Each structure stands twice: as C-alpha cells, then as structure tokens.
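Hi everyone, thanks for making time. I'll put the structure up and we can walk through it together.

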Amino acid sequence: TCWFCLANPPLKKAVIAEVNQFHSRDNISKPVVMRFDQITQLINKQGMKTQPYSYPAEMSFSDDELTRQKRSKWLSKRDAKFNRIYPISSESYINQYLYGDGLAEEVIELMKEQLEAAPDSAWRSRGAYYNALNRYIVFGSTPNALLPFGLKQCGSNYLHIEEPGEDNVKRDRGGACNRKRRRKK
C-alpha cells in the first residue's frame, strides 16, 4: 500500500491518503488528518518505508501532448471538472477543508450557483464536488489529477497480460475450434 502525506508544520499535523485508490473506480476518500506523533507511531508500528510512487505518465503531459495522443476529450472532461471545483481549490479553502471546519456551506453555495447557471450540466450532489476535490488534493493539486484515467484502455480491444501463452490467448466466443459458435439453421 502506498500513502500520500501532506504536512502542515504550523499545526503539527498532516493528512494521509491511500494512493492506490487512484487505480480503482471508487471515489477518492478525504485524506485523514493525523498529528505528527500519531504518524510516527503508525510508521513504527507497521514498519512503513518511504518509496517512490509512479503516477500515470499522462499527469505530467502538456495539453499539446494529450491532444497529439488523441486524448482531447480527456482535456474537456478535465477542464469541466476543474471549472466546477475551481472556486474551492485555493490553498486557504483546502486547508479549511482538511484542517478546519470543512467546506459544507461553500459547496452548497457552489452547487446552487452552478445549478442556476447551467442546470443541465451541473453536478447535483455534494459528493461529486468532494470526490473531485479529494482527487485534486491527493494527486498533486494539479488540474491533470482530474484526467479520466479509467478510460485509458477503453476501446483498445486488447488482452492485457504480463506474458503471452497458450492459456491466455484472446479468442472470440466460438472457442479455439469454433465449436461454440451460434448458427442459424
């Protein structure tokens, strides 16, 4: 398990979140706030080590590179998500969300504004805002954290295996010798 940690030295607290959520289809949870001494105890108890973690390469790509790779739809999806959370993405709002009283009032107000401005395309639940904000925070506070990486293999029609072999060759529904094929009589 890999963990993300963001420290706030003046408060002697940090937030931690599991980075492996990035590859799942689940919503990203809000990072957990812990005091420095609690984190030290957790590290000592579980024998955790620091190690590098590789985010998807696309997070570091420029818009031009994503367009060149025929991922311009990703950019429009990313921009739409980021525009929705932009008003609450500043450092002060993020600190309020993580270490303070939260952003419930701000999110409700943001929902109302966006529903009035564009009722057909606005998010209708606070959870959508929190999910996008959590993803934004945990994966570097960069708009590219909102890219739809779940679509990376979509439409590739390719069997993703580590090593090809006889037991894992992709076949159609007919089987190896086409014995399961449906026929019209």
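Let's go straight to helix 2, where R68 and E65 sit three residues apart, so about one helical turn separates them. Those two side chains form a salt bridge, with the closest N and O atoms 2.7 Å apart. How exposed are R68 and E65? R68 is exposed, at a relative accessible area of 57%, while E65 counts as partly exposed at 22%. I should say right away that this is a predicted model, so please keep that in mind for everything that follows.

Why would those side chains pair at all? Well, side chains of opposite charge can pair when their charged atoms come close. A search of the whole structure turns up four salt bridges, so let me show you a couple of others.

Take R78. Its side chain meets that of D63 in a salt bridge, 3.0 Å from N to O. That pair links distant parts of the chain: R78 belongs to helix 3 and D63 to helix 2, which spans residues 63–68, and they are 15 residues apart. Is R78 buried or exposed? R78 counts as buried, because its relative accessibility is 6% and the cut-off for buried is under 20%. D63, for its part, is partly exposed at 35%.

R78 has another partner as well. D79 forms a salt bridge with R78, and there the closest N and O atoms are 2.8 Å apart. D79 is partly exposed, with a relative accessible area of 33%. Through shared partners, then, D63, R78 and D79 are joined into one network.

Staying with helix 3, let's see how it packs. Two packed helices are described by the angle between their axes and the distance between the axes. Helix 3 covers residues 72–85 and helix 6 covers residues 126–138; their axes come within 10 Å and cross at roughly 105°. That makes helix 3 roughly perpendicular to helix 6, because angles from 65 to 115 degrees fall in that class. Which residues make the contact? From helix 3 you get F82, R84 and I85, and from helix 6 you get Y129, A132, L133 and Y136. Sorted by class, that contact has six nonpolar residues, one charged and no polar ones.

Some of those names come back in the core. The largest nonpolar core holds 20 residues, and I85, I88, Y97, L98, Y129, L133 and Y136 are the ones with the most contacts inside it. Helices 3, 4, 5 and 6 each give two or more residues to this core. Which helix gives the most? Helix 6 does, with six residues.

If you want to click on one residue, try Y136. Leaving out residues up to four places away in sequence, Y136 touches a list that includes F82, I85, I94, P143 and L146. There is also a second, separate core of 13 residues, with A17, F139, L147 and F149 among them.

Now let's zoom out to the whole chain. Its secondary structure comes to six helices and three strands. Along the sequence, the pattern reads β-β-β-α-α-α-α-α-α. Of the 185 residues in the chain, 30% are buried. And among contacts with a separation of 6 or more, 51% are between residues 24 or more positions apart.

That's my tour, and I'm happy to go back to any part of it.

Note on methods:
Residues are numbered from 1 along each chain as its sequence is written. This is a predicted model: local features need pLDDT of at least 70, side-chain atom pairs count only at pLDDT 80 or more; totals for chains, interfaces and linings use all residues. Side-chain values use heavy atoms; hydrogens and water are left out. Axes are lines fitted to C-alpha atoms, for helices over the stretch in contact, and angles run from 0 to 180 degrees between N-to-C directions. Helices (H or I, at least four residues) and strands (E, at least two) are DSSP runs, numbered from the N terminus. Angles under 35 degrees count as roughly parallel, over 145 as roughly antiparallel, 65 to 115 as roughly perpendicular and the rest as oblique. Contact means heavy atoms within 4.5 Å. Ala, Val, Leu, Ile, Met, Phe, Trp, Tyr, Cys and Pro count as nonpolar, Asp, Glu, Lys and Arg as charged, and the others, Gly among them, as polar. Buried means under 20% relative accessible area, exposed over 50%, partly exposed in between (1.4 Å probe, protein chains only). A nonpolar core is a set of buried Ala, Val, Leu, Ile, Met, Phe, Trp, Tyr and Cys residues joined through side-chain atoms within 4.5 Å.
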